[in-house]
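User: I've got this model open and I'd like to go through some of the labels people put on it. Can you walk me through the reasoning behind them?

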Amino acid sequence: MTPGTGRTGDRPHPRTLADELRARTDEELTWLLRARPDLLSPLPADLSQLATRAGTRASVLRALERLDTFTLQTAEALGVAPQPCPYPDALAALLPGPECAARLPHAMDTLRRHALVWGPREAPRLVRTARELLAPTPERPSATGLGPTLGEAAGRLSPSRMQALLAAAGLPSTHDPVSAVAALTELFGDRKRMTALLDQAPERSLAVLHRLVWGPPYGAVPARPGPPLQWLLDRGLLLPHAPGTVVLPREVALHLRGLTGGGAHREPLPLPPELTTRVRPAGAGSDLALATDVAAGTTAYTALTVVDTLLTAWETDGPPVLRAGGLGVRELKRTAVALDVAEPEATFWIELAYGAGLLASDGEADERYAPTPRYDEWLAEPPQRRWVRLASSWLAATRVPGLVGSRDAKGRLHATLGPGLDRGPTVELRHRVLALLAELPPGEAPEPGAIAARIAWELPRRMPEDLRDQLTAATLAEAEQLGVTGHGALASFARALLPPATSDTDAEADADRRTDHPTKAPALPDGDDPFPDHRRTGPPAGGRGRADGGLGAGDVVPGDPERQPGSGATTEASGAAGPAGAPGRADEATRQDSVPGDPEVPPGSDPTEASGAGTRSRADEATGQESVPGHPVGRPDPAAAEALDAPGQAGGAAGGSAGSGPAGPGAAQAPAGAGRPASAPGRDTPESREAECARLLAERLPALLDHFLLQADLTAVAPGPLERELAQAMAVVAEVESTGGATVFRFTPFSVRRALDAGWSPAELHAFLAKRSRTPVPQPLTYLVDDVARKHGRMRVGAAASYLRCDDEATLTQLLADRRAEALRLRRLAPTVLVSDVSPDTLLDRLREMGLAPAAETAEGAVLTLSLASHRTPPRSAPHPAPELSGDDADDALLSAAVRALRAGDHAAPGPDGAAGAATPRLPEPEGGAPPRTSTAETLAVLQDAVRSGDPVWIGYVGADGIAGQRVLSPVRVEGGFVTGFDHTAEEVRTYPLHRITGTHQLAR
């Protein structure tokens, strides 16, 4: 059977879309359900209901959104062609050119497989709803710029007026308006006679037609048209549409376009824009891939440092949560200054930490943002694993930081961490941008605008044009900031994180789903699909191929303000799905809707969700850099790097992506080296990809330093990134003066006093500097430490509200006489004791502002260390992304079960005589009448074996009402305490809790 033809051999042509769906193979129906997942929610009872749902407006809109530009142009051409459309002659005239002719069979096959076109291949029909959405009407011109047909536009004319048009065009009169319209239509469709008629037209009349030919087809006319306009109106070449408005009939426009070799569109786009690469700089080295990896590795470590700095600052002084949710503008500015980045970049880092589950609100009365307990787990991981967690959460995130600062439809300002930032198509677009980068050779970066142009060709209708361009630019910028790319090119370790290419032995449907775009797409024969339909979306922005142009006084003014076709296409909202990438969630369509009345499946729950979903393999933590003795930090030995592959091997991913080199989603046509080899089916998992990414990244992260270089000008230079403990210590004892390839710290009296306030003793501070510096400690620095330590603590602050004591009476006398201390309201209780009405914290701050160095003390007189306690939120889960409904992650076995359910429903559906439509195959009856009873272990083993073999099993089941029953079930999934499969008794997909199954028995077909 030819894919999507709907017929085999001498099988009669289908009369309806439902007939064609019945003629499709199970593999073709599975492909359709994966490409259009909204058809599964809920599961239709039979194929007739599936065809009805496939023709609804909402479903057709979603399907159109997943078409690339040329496939959509093909659908638009079908919308203006007669139905059924003579193929390929009629479409070849509407889409002229050799490139269009080469790509047309593939576009038609795509439309047919998406159930947007049905009927015989030589006379296809566009689904009625799609025709209504795409074909031009008197009220809604299409993206082709064509107007309504002559028959549609002439509906407002009287019979006498129709006869006048025939006479002016040189045609004989007819007896009724219908035959008059047919005669004019025949004239306008006859190239020779139409050319002869236009040869008689005045020059200004032809100018009017040429201004309307590419759209918009409407124009305004004065109350008394001039001779050029009247000549056209008298012959039906222009027809009145509304008072003061005329329209160019579609047949006339197509004839005029055909004279210049045009068709339905001004500019057909059969091929995607080429991914051009940047010109290599004159001084660039030969190994661009190595330079890319080095730059990306350095940026990746910088990203870890920025996130750590952000969360370290917020663990002691977290910003408050706005009443409406989110972070205030003032707090965002303060955070941006602390991170030394611009506010948009600070928003990105905050949202990244939030998406990774490292940051959340604490939920207290005075609600503030603070790190979560997961942050402590994240800090304990090796650097490469920490980065992988950030990158994985970024890949799955649907929140768009770039929307912060804009306003929603109600005029409310979008705030960082606030509501309203989720955009469903973000994940699909982000993955597609990275896939395009992976098609380029390693180290090659695309030209500015090349990725945006390609995405615009692939996703013309997926989202508004401005949002699409914004998300594309944001993806490239965020990838550079995070270290996914270096100098604009995709890093090798980031390639390993992307899904791999499938092998040539995969099923045809899966190959169609996953084949990636080549850099320069060739014309392909029918059936080849280098453009993955599940990644594409809809029609060009409304104004493509249209030219506006004004006319002189008294002539037609194109562009009726009430009928402006160039305003762009609108897209109806699609339903949101669950979290992207969550295993076991693709069966939501067949979940509770297919288990009517079962109280054991609570509303909103996911009985089929994997119990281990969302977890990461941590076996490689033991091989982190800190656990490799004898090797410098940041350079793991080969044994440790080899051990990083253990999680994938242990989880059944041995021989998969791990150790296979740089990864990428490039297909067979991708340039050499652009992607890793295709992995064997079932051997590639997200955990194995993360382990491979961590292994490759470990080789590119800069080595961490355990020392710095002290200089005589009270500065210290760190020639590279410091170990975390050392970096935290330097943040206390010194001020950061400059960052970059090397970090410069400066020691000041304030920074030394801060270290003493934090509990350092002068001896510990001297020992720290001597131990960590590769150069001798300069004498000025030693003097600075000793001088600050000698003054530190001479004054003691306590609570009276607060008190101040000092053994030096002269110091206290001088302080009392200082006018700057008047606000403290100090008074002397004893020669060495002063008291104040302000709090101890305020007293400490004011005295330090005056240049003094007081120390806080306890009630016993001991020096109090003023280190702030780290604040953590209660355990919080990471926010769930909200991607749009997608079938990419749908389980093949579950889709097969859904197809079986549709077939069974079709067989059970009554025919014209009321009898069953077909004989349903009978399964062997279970032996005996009592339900089977087996142990829990045996029950689980039988079900798991049935999942692998595909054989049905006999199960005993006790419902919520306590009544025992029996079912014949073909399991497709056993996980999370539930079994999901096709219930032959009920002839639908159902999910049963394992604890209610009394036993199982294997049935042989």
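Analyst: Sure, and keep in mind that this is a predicted model. Let's start inside: the largest nonpolar core has 96 residues, and those with the most contacts inside it are Leu33, Leu184, Phe188, Leu237 and Leu238. Helix H35 (residues 892-908) gives the most to this core, with 8 residues.

User: What makes Tyr301, Leu327, Leu339 and Leu434 part of a second, separate core?

Analyst: A nonpolar core is a set of buried residues of certain types, Leu and Tyr among them, joined through side-chain atoms within 4.5 Å. Those four are included in a set of 69 residues that is separate from the largest one, so they belong to a second core.

User: Why is Ser48 called partly exposed?

Analyst: Its relative accessible area is 29%. Buried would need under 20% and exposed over 50%, so Ser48 falls in between and is partly exposed. The residue is in helix H3 (residues 47-54). Its C-alpha atom is separated by 8.5 Å from that of Leu17, which is 31 residues apart from Ser48 along the chain.

User: How do you know that E12 and E14 are paired strands?

Analyst: Pairing takes at least two bridges. Strand E12 (residues 715-718) and strand E14 (residues 743-746) are joined by 4, so they count as paired, and they run antiparallel. Ala718 stands opposite Thr743 in E14.

User: What about E13 and E14, which form a hairpin?

Analyst: Strand E13 (residues 735-738) pairs with E14 over 3 bridges, again in the antiparallel sense. That meets the cut-off of at least two, so this is a pair as well. Glu735 has Arg746 in E14 as its bridge partner. The hairpin has 4 residues between its strands, and Gly740 in the turn has a positive phi of about 145°.

User: Which strands stand at the edges of the five-stranded sheet, and why are they called edges?

Analyst: The order is E23-E22-E21-E20-E24, in an open sheet with antiparallel pairing. Strand E23 (988-993) and strand E24 (997-1002) each have a single partner strand, so one side of each is left without a neighbour in the sheet. From one strand to the next, the twist averages 45°.

User: How many bridges join E21 to E22, and what packs on the sheet?

Analyst: There are 6 bridges between strand E21 (residues 964-975) and strand E22 (residues 978-983), which run antiparallel, and Glu975 stands opposite Phe978. Helix H36 (residues 936-949) packs on the sheet, touching E20, E21, E22 and E24. The direction of H36 makes about 45° with that of E24.

Methods
Residues are numbered from 1 along each chain as its sequence is written. This is a predicted model: local features need pLDDT of at least 70, side-chain atom pairs count only at pLDDT 80 or more; totals for chains, interfaces and linings use all residues. Side-chain values use heavy atoms; hydrogens and water are left out. Axes are lines fitted to C-alpha atoms, for helices over the stretch in contact, and angles run from 0 to 180 degrees between N-to-C directions. Contact means heavy atoms within 4.5 Å. Buried means under 20% relative accessible area, exposed over 50%, partly exposed in between (1.4 Å probe, protein chains only).
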